[in-house]
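Okay, hi everyone, thanks for making room for me today. Let me put the structure up, and then we'll walk through it together.

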Amino acid sequence: MEAPTASTGPRLARRDCATAFGGSSALLQSSLRTLLVAGLCLLLALGGLLGPGSARAEGAPVLQSFELSHGEDGLMLGYVLDFDLSRPVEDALLKGVPLYFVARAEVLRSRWYWRDKRIGGAERNWRLAWQPLTRRYRLSQGSLSQSYERLDDALAAIQRASRWKIADAAALEPDTRQYVEFSFRLDTSQLPRPLQIGIGGQADWSLTVERQAVVPPPDAPPALR
């Protein structure tokens with residue numbers, strides 16, 4: 001073996017140092033990768049614990065009553081909902097974010113040979129906003145609006161409907177199976193885009209209820225409606 005000389009000594013020292021630091025760098029990168037993987041696993045685990053499967057049911061709407069009846073003008077719908085806004089939703093409202101609610105009903109006729117036919121339907125939309133200057137809640141529906149001092153009073157105006165026409169009388173056929181698909185929801189698609197991204201998948205913002213019911217015959221007693 002060649003003995004190190006004055007010229008080869010510095011080169012060997014630099015090579016040994018590079019090897020040592022190279023090994024340390026590889027070890028450091030491996031450790032960082034391990035920490036990143038562990039952190040990702042932890043986030044996934046927390047996501048599973050806090051996801052919709054175990055989320056609290058606070059604010060979930062309850063359909064207390066749902067009634068279909070026949071009137072001179074057509075098929076009428078009445079309903080009563082009960083729900084509270086979750087804390088994050090109420091906080092957003094008080095910070096100036098308006099909330100939008102949608103109630104929709106579709107009337108369909110069953111057909112064995114093709115997809116069911118839509119024979120009627122209606123939709124109602126509300127916009128709820130907090131006005132800090134007057135410290136009142138403003139509820140708008142179309143061109144109509146009204147102010148409330150209490151949030152519960154504003155929500156009460158949304159939570160019920162009476163004799164809401166959802167189909168014309170001429171469109172109904174008593175001798176066929178007809179049914180109504182009803183839904184009510186907090187429409188997050190109308191929220192500001194950054195907020196939509198931030199609340200994606202959060203159960204606190206999932207406020208919806210659905211119901212399907214068969215249209216009773218015109219002469220059905222109230223107990224069967």
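Before I point at anything, one term: a residue is called exposed when its relative accessible area is over 50%, and buried when that value is under 20%. Also keep in mind that this is a predicted model.

So, take R163. You'll find R163 in strand β7, which covers residues 160–168. Is R163 buried or exposed? Its relative accessibility is 52%, so R163 counts as exposed. There's something else about R163: its phi is positive, about 50°, and yet the residue isn't a glycine.

Now hop back along the chain to R135, in the loop between β4 and β5, where β5 is 136–141. R135 also isn't a glycine, and its phi is positive, near 55°. With 58% relative accessibility, R135 counts as exposed because that is over 50%.

Next, the tryptophan W114. W114 sits in the loop that links β3, residues 99–109, to β4, residues 117–131. W114 comes out at 56% relative accessibility, so this one counts as exposed too. And W114 has company: together with W112 and Y113 it makes a nonpolar patch on the surface, with about 530 Å² of accessible area between them.

Okay, zooming out to the whole chain. How many helices and strands are there? The protein chain has 4 helices and 9 strands, and the order starts from the N terminus with α-β-β-α. Of its 225 residues, 32% count as buried. The accessible surface is about 14600 Å², and carbon and sulfur atoms make up 56% of that.

Terms used
Residues numbered from 1 in each chain as written. Predicted model: local features only at pLDDT ≥ 70, side-chain atom pairs only at ≥ 80, totals over all residues. Heavy atoms only, no water. Patch = residues over 30% accessible without salt bridge, like charges linked within 9 Å, V, L, I, M, F, W, Y side chains within 5 Å. Areas by Shrake-Rupley, 256 points an atom, 1.4 Å probe, with all protein chains shown as cover. Salt bridge = Lys/Arg side-chain N within 4 Å of Asp/Glu carboxyl O. Helix = DSSP H or I, 4+ residues; strand = E, 2+ residues; numbered from the N terminus. Buried < 20%, exposed > 50% of the residue type's maximum accessible area, 1.4 Å probe, protein only.
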